[in-house]
Amino acid sequence: MSHSVELQNVGMAFGQTRAVTDVSFTVEGGEFFSILGPSGCGKTTILRIVAGFLDPTEGKVLIGGRDMKGLGPDRRPTAMIFQSLALFPLMPVWENIAFGLEARRVAKAERRKKAGELLKLVALEGLGDRMPGELSGGQRQRVAIARALAVEPQVLLLDEPLSALDLKLRQHMRAELRSLQKRTGVTFIYITHDQSEALAMSDRVAVMSDGVLQQVGAPRELYDNPATPFVARFVGETNAIAGKVTAIENGLATVESAFGPLSGRVGDGLSAGSAAKLYVRPEALQHKTQGENRLTATIERIDFEGAFALAHGRLEDGSLLIASIPSTELGKAPEIGTRAPFAFQNANAVVLPDG
């Protein structure tokens with residue numbers, strides 16, 4: 001069975017620099033769990049703490065309910081895949097996969113058999129005698145995964161393993177990783193700065209900023225109901241409109257903005273009279289004059305993205321507005337240089353405390 005991983009008030013300082021502050025969350029056994037955030041937010045530090053490469057300054061790490069204090073990487077039920085993959089270039093693929101088994105003094109015949117089973121699992125059957133340099137980037141990625149699985153970990157830790165791949169291959173490998181995780185049942189903890197990657201693969205996602213845990217939730221929950229301004233801005237594209245809360249009623253907050261009153265769902269920590277921002281996604285904005293909330297922007301450019309286009313406009317106060325237009329409606333898109341009306345529903349916006 002795969003193991004759960006629990007962080008209890010974990011903190012990490014390097015001298016005077018604090019990398020992680022009071023982080024607590026639980027990863028369920030068999031879950032695909034991602035830690036998402038920009039570079040320097042502390043996500044890799046957390047992964048290295050779970051792996052046993054770092055001892056936290058404060059707090060505990062429990063794997064399968066057992067406190068990991070004092071246990072190094074070789075004594076934990078974990079395996080880690082690094083961004084560089086770190087395959088041995090002069091070893092054939094099967095020996096790369098079986099390297100951890102050799103270190104455990106498993107007989108060669110058994111190592112070869114296990115490597116063959118894992119090659120089949122990661123769809124590389126018959127490639128065991130090739131050298132890593134003879135494989136594509138995606139194939140080398142799968143070899144690294146097979147090598148990590150060879151030692152039968154209860155928890156697999158992945159540190160931005162797809163970042164060096166091109167877009168198409170990354171998208172393909174996302175589906176492969178997700179499928180592999182479900183087939184093996186191993187707990188995955190995946191580190192990434194790519195929001196689309198985290199949203200596409202994960203059962204749940206933890207969002208971090210400056211060493212602080214901002215929110216943990218299912219991908220749709222993070223996107224639709226961000227708990228903090230950082231999550232609203234970082235997880236997906238959004239428009240932020242500043243104002244002051246004038247009323248909170250029936251789950252809706254009204255904000256007096258530079259463009260008149262606007263309303264959206266009440267976010268955490270909001271109170272009447274406080275400074276706030278209303279966040280609305282580009283796809284929630286419709287190019288029309290009628291609606292519960294209305295804005296007008298001067299269109300500066302329209303970027304075609306394939307299935308949709310992004311209309312970039314400038315509001316009266318000089319701030320930017322981005323609206324998504326389906327490709328099927330591009331014939332009705334506003335022209336560049338014109339002032340265009342947009343509307344959105346209360347339910348499609350959220351109001352959060354400013355800052």
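Strands β12 and β13 make a hairpin, with 2 residues between them. This is a predicted model, and two topics are worth a look here: the strands around β12 and the nonpolar cores. The largest of these cores holds 36 residues, and a second, separate one has 29.

**β12 and its partners**

- On one side, β12 pairs with β13 (residues 260–266) in the antiparallel sense, through 6 bridges. Within this pairing, V255 has L262 as its bridge partner.
- β12 also runs antiparallel to β11 (residues 239–249), again with 6 bridges. Here A253 of β12 stands opposite I248.
- The hairpin of β11 and β12 has 2 residues between the strands, and N250 takes a positive phi near 55° there.
- Which side chains of β12 (residues 252–257) are buried? They are A253, V255 and S257, which point to one face, whereas L252, T254 and E256 point to the other and are not buried.
- As a general pattern, side chains in a regular strand alternate between the two faces of the sheet.

**The nonpolar cores**

- In the largest core, the residues that touch the most other members are I81, I97, L156 and L177.
- Elements giving two or more residues to this core include the strands β6 (78–81), β7 (155–159) and β8 (187–192), along with helices such as α2 (93–97) and α6 (167–184). The largest share, 7 residues, is from α5.
- Beyond its neighbours within four places in sequence, I97 contacts A115, L118, L119, V143, A146, R147 and A150.
- Among the members of the second core are M12, F33, A51 and L71.

Notes:
Residues numbered from 1 in each chain as written. Predicted model: local features only at pLDDT ≥ 70, side-chain atom pairs only at ≥ 80, totals over all residues. Heavy atoms only, no water. Core = buried A, V, L, I, M, F, W, Y, C linked by side-chain atoms within 4.5 Å. Buried < 20%, exposed > 50% of the residue type's maximum accessible area, 1.4 Å probe, protein only. Helix = DSSP H or I, 4+ residues; strand = E, 2+ residues; numbered from the N terminus. Contact = heavy atoms within 4.5 Å. Pairing = 2+ DSSP bridges.
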